[in-house]
Amino acid sequence: MTIRYPNGKRFETSTVKKNQTKKPNQITYSNRGMTLEEDINTTNEWYVEQGLAVIHKKPTPVQIVQVDYPKRSAAVIKEAYFKQASTTDYNGVYKGRYVDFEAKETKNKTSFPLNNFHYHQVKHMKEVLSQNGICFVLLRFSTTDEVYLLDASYLISFYEDMEHSRKSIRKSDVEKYGHLIKIGYHPRIDYLPIIQHAYFSE
């Protein structure tokens, strides 16, 4: 199947052989090379299994372009493209509070580019905060494998000042206003203790 990204690039899907599949929740040292999205997804699965929180990645909207019907009872998608996401990546509930966040990573060692975020995402974060929801971003500096939780209010402030000031958030500011998350194996990115401390300590 061919999937088109918004930038026009194509991605050809391929089948996975049975001996290439892994058992669910199987943690190995190879997971150190996983993407931020994969790390968060496995972490969220562990949270659900432990009854700690229910947080999932929002499905990416897909526009189907071409469908073949080799059988009356089956349809095969031959070509499609990803629509641009309208809000943030993840949402769910923790201890009765709505949780909503975006996850991004950069190879930059000293700052986080603000062009990683889009206006509609920042607008959505504002709306969540206005309803007293818990909203933040998870920022990974991939070179040092550091992940920080930064409240959305700080990101919004930096983003709105982008036209008059810096085009990125200094890492020193992320360290000052954010929370460094402990990296482990099970769960991989344990961000719930940060949420508990930052939003439930009062």
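**Entry 1: a cut-off, then N132**

Exposed means over 50% relative accessible area, buried means under 20%, and partly exposed is what lies in between. I note that this is a predicted model, and with that in mind I started at N132. N132 has a relative accessibility of 56%, so I put it down as exposed. I found N132 in the loop between α2 (119-130) and β9. The backbone caught my eye here: N132 is not a glycine, yet its phi is positive, at about 65°.

**Entry 2: other backbone oddities**

Most peptide bonds are trans, and most residues other than glycine have a negative phi. I went looking for further exceptions. D145, also not a glycine, has a positive phi of about 55°. I placed D145 in the loop between β9 and β10 (146-151). Its relative accessibility is 30%, so D145 goes into my notes as partly exposed. Next came a cis peptide bond, which joins H186 and P187 with omega at about 10°. P187 belongs to the loop between β12 and α5.

**Entry 3: the sheet**

I traced the strands next. Six of them make an open sheet with mixed pairing, and I wrote the order as β3-β6-β7-β9-β10-β12. Which strands stand at the edges? They are β3 (54-57) and β12; each has a single partner strand, so one side of each lacks a neighbour in the sheet. I then followed β3 to its partner: β3 and β6 run antiparallel and are joined by four bridges. Along this pairing, I55 stands opposite G92 in β6.

**Entry 4: aromatic pairs**

I searched the whole structure for aromatic pairs, and the search gave twelve. How are the rings of F101 and F136 arranged? Their planes are at 10° and their centres 4.8 Å apart, so I call this pair stacked. F101 sits in strand β7 (residues 97-106) and F136 in strand β9 (residues 134-141), so to speak a link between distant parts of the chain, 35 residues apart. I checked accessibility as well: F101 is buried at a relative accessible area of 0%, and F136 is buried with a value of 0%.

F136 has another ring partner in my notes. The rings of F136 and Y191 have planes at 55° and centres 6.3 Å apart, so this pair is tilted. It also links distant parts of the chain, with F136 in strand β9 and Y191 in the loop between β12 (179-180) and α5 (192-200), 55 residues apart. Y191 is buried, as is F136. Putting the ring pairs together, I get a cluster of W46, Y47, Y90, F101, F136 and Y191.

**Entry 5: charges over rings**

I also looked for lysines placed over rings. The charged end of K104 sits over the ring of F117, at 5.9 Å from its centre. K171 lies over the face of F141, and here the distance to the ring centre is 5.2 Å.

**Entry 6: the annotated site**

I turned to the UniProt record, an unreviewed entry, which places a "binding site" feature at T87, D89, E102 and Q121. These positions are spread over 35 residues of sequence but cluster in space, with a largest C-alpha distance of 9.4 Å.

I took E102 to begin with. E102 lies in strand β7. Is E102 buried or exposed? Its relative accessible area is 1%, so E102 is buried. Neighbours within four places in sequence aside, E102 is in contact with T87, T88, D89, F117, Q121, M125, F136, V137 and L138. I was pleased to meet F136 again in that list. The side chains of E102 and K104 share a polar contact of 3.2 Å.

T87 came next, in the loop between β5 (74-82) and β6 (90-94). Not counting residues up to four places away in sequence, T87 touches K58, E102, H120, Q121 and H124. Its side chain makes a polar contact of 3.0 Å with that of K58.

**Entry 7: following K58**

That contact sent me to K58, which I found in the loop between β3 and β4 (62-71). With a relative accessibility of 17%, which is under 20%, K58 counts as buried. Besides its link to T87, the side chain of K58 has a polar contact of 3.4 Å with that of D100. Outside its neighbours within four places in sequence, K58 contacts residues including T88, D89, Y90, N91 and H124. Two of the annotated positions, T87 and D89, are thus on my K58 page.

Technical notes. Residues numbered from 1 in each chain as written. Predicted model: local features only at pLDDT ≥ 70, side-chain atom pairs only at ≥ 80, totals over all residues. Heavy atoms only, no water. Phe/Tyr/Trp six-rings, centres within 6.5 Å; stacked < 30°, edge-to-face > 60°. Helix = DSSP H or I, 4+ residues; strand = E, 2+ residues; numbered from the N terminus. Buried < 20%, exposed > 50% of the residue type's maximum accessible area, 1.4 Å probe, protein only. Lys NZ or Arg CZ within 6 Å of the ring centre and 35° of its normal. UniProt positions renumbered as here; feature names shortened; annotations may be inferred. Contact = heavy atoms within 4.5 Å. Polar contact = N/O pair within 3.5 Å; in protein donor to acceptor, adjacent residues only side chain to side chain. Pairing = 2+ DSSP bridges.
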